[in-house]
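This report describes selected parts of one protein model for a reader who has not seen it before. Please look over the sequence and the structure first.

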Amino acid sequence: MLKKLLAIVLLLPCCALVLRAQNRNISGIVTDESGEPVIGASVIVKGTTIGTNSGINGNYDITAPADATLVFSFIGLNTHEEAVGGRARIDVQLGTGTQAIDEVVVVAYGTQRKRDLTGAVSVVDMTEMKKMQAPNIGQALQSLAAGVNVTTSGAPGSGADIRIRGVGSFSNVGPLYVVDGMILDGSQREFNVSDIESMQVLKDASATALYGARGANGVIIVTTKKGKEGPAKIDFSATWGVQQIANRIETMNSIEFLRINRQAYDNAGREWPGEPAQGQVLVNTDWQDEFFQNALMQDYNLSVSGGNANGNYLFSFGYYNQDGVVKGPTHERLTARSNAEARKGIFSFGENLLVAHSTTQPMIGAPFIDLARMPPVIPVRNQDGTYGTGNSSYQTYGANPIGMQEMYQHRQTSKRIIGNTYLQIEPIAGLQFKSNVGVEYHNYFDRELEIYKQVRYLTVSSYDNQLLERKGDFMSWMWENTAFYKKEIGKHKFDVLLGYTAQERTSRNHVGIVKDLAQGYWVPSAGITEPALIGTDSEQAMTSWLGRINYDFAGRYLLQFNIRRDGSSRFGENYRFGNFPSASLGWRVSEEAFFAPAKQWVDDLKIRFSYGIIGDQQALPNYAYDTYVVRGTEGVILGTDQTYYPGAIQKGRANPDLRWEQKTTLNAGIDFAALSQKLYGSVEYFRSDSKDLLLQLPIAWTSGTDITPWTNYGSVRNEGVEITLGWRETQKEFKYNVALNLSSVGTTVLELGESYREAGISNVNRSEKGRSVGDFYVIRTDGIFQTWDEIYAHTSMVKNETTGATLPVMIQPNAAPGDIRYKDINSDGKIDADDKEYVGSPFPKFEIGLTFAAEYKGFDFSLFLAGVWGNKIFNNVKYWMERMDETANLPKNLAPWTPENHSTTTPRAFMGPNDNTIVYSDRWIEDGTYLRLKNIQVGYSFTKSLFKNVKFVENARLYVGVQNLFTLTSYSGFDPEISGGSIFGKGNDDGHFPPVRTFTCGLQLTF
C-alpha cells in the first residue's frame, strides 16, 4: 500500500505537466461591427472563472485548453462564443444584434441572463441615464423604467419620491436600495450617480422574495464600476451647467393690482385704505425677479482603473456643487470610492468602499407661495433697511420670502461611509462559498441659527435669536454567507443558492435648543432663555435564511423557486418571524418545433408567470410593540399649597401581535425580439394585494394613553399593465434606437381601519374602502351667478321639520351676482362639507417615457420625453392668489366678475369673508397632465486617429445639453410635478419647489 501511495505522489507532477501541455496561448483582436477595437471586452473560458479583457487596441491574450470554448462579451454588444479547436489566434467581431436578450443582469444575490429571467425586472438603460445630470439615484431613474413612478424637487440636495407599481403601504416608504450587495439604510444624498455601472429594478415577488421582509415596495439594485484587465486607465469628466426656474407665474404690476384691490373693497362696501397720495411714487416690486436667480452647477469625476488576470481595481473621486435657483439653498458633495478584486487559485477577494461628505443649506418656509402673493406695492427692503412686510394700507399676511432666507442660517452636514468586503471560495467547478461583510456609517450635524427680524406684517418675535443643534449618527452592519452551486447535465441546467444573513442597526441623536444668545457667540452655553436638550438611542436587528433554485431545460422551460425567512426585533414576540416564498415559470415558445415557421420573423418569444409573498417593515419604528415610561413631562399637583411634583408615567400600548406588512403578487409577462433583434419589448400584467398594512389608529383618551398605537389593519390592491417597446437598427455608420415605456396602475383600498381618512390641505384628500388612496373630495362649483334671478332660482326642496311641508329653500341666500354657485349634492338647502364628492386622483392613470438615440460617425444625439396623464392637483398657490379677500397679488390676466364683465370663470373680488374662498372646492383642483422634454443632448467623440501622436489621450468627447427644456401642460402653477406629502395627501402643491431647467456642457476624457 505504501508503495502505491509513493507511486501516485511521484506521478502527480507528471500529470500536471501533461495537463499544462494541453493548454495553449491564444491571442486575437475584438472589434465591433464598424471594425473599431472594443476596449475592455470580456474574454472567458466557458465554464470556468479564467478570463481576461481586451486592451487598448482590442487585443487580448489568454491561456486555455485546446478543446475549450471562449466567450466574448461587452455591455451593449452581442455575446459570442468560439471553440478554440487548437487555434492560436482567434479574431472576433461583436455585433449589436442580441444585446436586449443576452445581456447579463444583476438580480438578488447573483446574476442571470436577461433572456432567462422569469420575474419582473426592469433593466435601466445606463447610456441614457448618464446623459442626464442627476444628483441622486431617484432623479436619474425617472421615466426610464415602466411601472416606476418618480417625482422630484428642484431644491439642491433633495431626494426623490419613488413608488414601484402603485401604493404598497399606507406610510411613506419607498423601495429598498442595494448597492454592491449592501442594503442602504440612509438617504441617497451622498451617493455619486457617476459611480454606477448598472441598475435593475425588481418589481414582483419572484424577483424580490430573497429580500423578504423589505422587498414589498420593490428593490433597486445598483452595481458600481469595476476595473477591467489591461493597463491603467484614467477617465475624467467635467460638466458645467446653468440652472433656472423653468416657469414663472406672470403677476400684476402695481397699477393693475391696485385696481383689483380697490374693487374688492368697493364690493365689500368698505373704505379703500390703499389710495396713493398725490404725487406718491409707487413701488413696483417683481418678487419673482427678486427671488429667482440663475444658478451654477458643477460636476467633476475622476477615476483610475486597471487590472490583470489576478485582479482589478478602480479608484474614483467626485465633486458636485449646486447653487439654488432661488436665494438661499445650496448643496455640495465630495465622494471617494475604492473598488478592488483579487483572485488566486480557488480564492477571490473583493471590497467596495464609498466615503462621502455633503453640506446642504435648505430652503426656509414656503417662499413659492409668498413670492406669488406678495403685493408689488411692497418693497423687498424699506428705506431704513428693514424688510418690506406691508402696512396699514396694504395689510398682507404673506412673509417676505427674501427676508425668510436671510434671517435663517441653516447648515446640514453629513459624513457617510458605505463599504463591504467579501471572500469567495470555489473548491470545485460550479460550487462557490461566499462571505460578505458590509458596514454603513452616517454622522450628521445640523446647525440652525435664527436671528429674528420682522418678515411678516404685525408679527414680531419675543426673542432676539435662537440656536438649534441636531447631532447624531447611525451604524448598520451586515454579514451574509451564501453557498451557490450550478451544474449542467445535457440539456438540463440548474443552480442552487442557500444563505444566512444577519444585520444590526444602532442610532443615536440629540437635539439642543436655546434662545436669546449673547450677540456674536453662537454656542449653546451663550443662551439664557428656554434651554432644552433631548436625545434618543435605538437599535434594531434582523436575522434571515434564504434559498433559491433555478432550473432550465434546453433554454425552453424555466423554473425558479425562492424562499426567505426573516426575524426582526421590530415586532412583538408572537410574530417576530415571517416566511416569504415565491415561484416563477418561463416558457420560451420560440424554441418549440411548431414555432419554426415563425422564426424567420420572431427571434425570441418567452411567456412567464410568477406568484409569491413578500413583506415590509419600514413603516414601523423601533419598539412600537411595547410600552415605555416618560419622566419629567408629567406630574401631579398635591397638598394645600398645590405643589407640582414631577414624576413618570407609562405611555403607549403593548401589542405583541404586530407583524409584517404582507404583499401577495401575481405577474404575467411576454418578452419578445423580432426582425433580427431590431424590434424588442415586453408586456406585463400584474396584481398585488397588500394586507396587514401598518397604521396608527386613533383611540379615545379615556383608554389611558394619548399615544396613537400601531396596528395591522389596512389592505390595498394594485393592478396594472406595463409595456416596453423598442426598435434599433444599424445602417453602416448610422445607428439609432427608439424605446418607449408605458405603464398604468390602479389602486383600490380594501380595508382602512376606519370608515375614511382625510388628509392634505384642509382635508381635500379622502381615502375610503372601495376607492383609490387620497382621492380629491371637495365641493363642486357650478359656474357663477350672473343675476339675482339665478340666485333666487338656485334652490332645493327641503322638508320643514315644524310644519312638515316640503318647500323650496335658497341654497346660497348670502350670495350676490358675481359669486360662485355650488352644487347642493345632498339637497339639504345649504352648502357645507356634507356636499363634497370625489373629483379625481392625485395619481396618474398613465405614465410614459420615450427615448430616441442616434450615432453617426463621431456624433451622437439623444432625446428623452417623459409625461403623465389623468391625475389632479390641488393648487394652493392659486388659492392664495385668486381668493381676492386679502391684500395679495393676482395672476397677470385675471379678470374678476364685474357688472360690465360677466366672467364665467372668475368671481367678483370681495375684501372680507365670503363663500368664494371655500378651500375645499374644485375651484382649486386642476389637471396635472404633462409631457416634458426631460433631456436633449448632442455630443461629438473625436476619432482615435486624432490622438495617435498624443500617447496619453485615448478618447475624448464634448457634449452640450438641456434638461427640462419645456413642459406641455394646462396646469397654472409653477410646475405639475408635485412630490412630498403623506401617502393619504398626495398631489397638494403647497409651494412645491419645481424641477429646474438646466443648460449643460461637458467634457469626457480617457487617458
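Two strands pair if DSSP finds at least two bridges between them. Helices (H or I, at least four residues) and strands (E, at least two) are DSSP runs, numbered from the N terminus. The model is predicted: local features need pLDDT of at least 70, side-chain atom pairs count only at pLDDT 80 or more, and totals for chains, interfaces and linings use all residues. Residues are numbered from 1 along each chain as its sequence is written, and side-chain values use heavy atoms, with hydrogens and water left out.

**Two open sheets**

Strand 46 (residues 872–875) and strand 47 run antiparallel and are joined by three bridges. One residue of this pairing is Lys872, whose bridge partner in strand 47 is Asp927. Both strands belong to an open sheet of three strands in the order 47-46-51, with mixed pairing. Strand 47 (925–927) and strand 51 (988–989) each have a single partner strand and stand at the edges, so one side of each has no neighbour in the sheet.

Another open sheet has three strands in the order 4-1-7, and its pairing is also mixed. Its edges are strand 4 (59–65) and strand 7 (92–94); each has a single partner strand, so one side of each is left without a neighbour in the sheet. From one strand to the next, the twist averages 35°; axes are lines fitted to C-alpha atoms, for helices over the stretch in contact, and angles run from 0 to 180 degrees between N-to-C directions. Strand 1 (residues 23–32) runs parallel to strand 7, and three bridges join them. Asp32 has Leu94 as its bridge partner in strand 7.

**Helix 6**

Helix 6 (residues 254–267) has 14 residues, which should span 20 Å at 1.5 Å a residue; its end C-alpha atoms are 20 Å apart, in agreement. The expected span of a helix is 1.5 Å times one less than its number of residues. At the N-terminal end of helix 6, Asn253 acts as a cap, with a side-chain oxygen 3.2 Å from the backbone nitrogen of Ile255. After helix 6 comes Gly269, with a positive phi near 70°.

Buried means under 20% relative accessible area, exposed over 50%, and partly exposed in between (1.4 Å probe, protein chains only). The buried residues of helix 6 include Phe257, Leu258, Ile260 and Tyr265.

**Single residues**

The table gives the relative accessibility of four residues.

| Residue | Relative accessible area | Class |
|---|---|---|
| Ser507 | 17% | buried |
| Gly159 | 44% | partly exposed |
| Ser143 | 14% | buried |
| Asn964 | 7% | buried |

Ser507 is in strand 25 (residues 492–517). Contact means heavy atoms within 4.5 Å. Leaving aside neighbours within four places in sequence, Ser507 is in contact with Asp473, Phe474, Thr536, Asp537 and Ser538.

Gly159 is in the loop between strand 11 (148–152) and strand 12 (160–164). With neighbours within four places in sequence left aside, its contacts are Asn136, Gln139 and Ser153. The C-alpha atoms of Gly159 and Ser979 are 9.8 Å apart, although 820 residues separate them along the chain.

Most residues other than glycine have a negative phi. Ser143, in the loop between helix 4 (137–141) and strand 11, has a positive phi near 65°. Asn964 also has a positive phi, of about 55°, and lies in the loop between strand 49 (955–963) and strand 50 (967–969).

Definitions and conventions: Polar contact = N/O pair within 3.5 Å; in protein donor to acceptor, adjacent residues only side chain to side chain.
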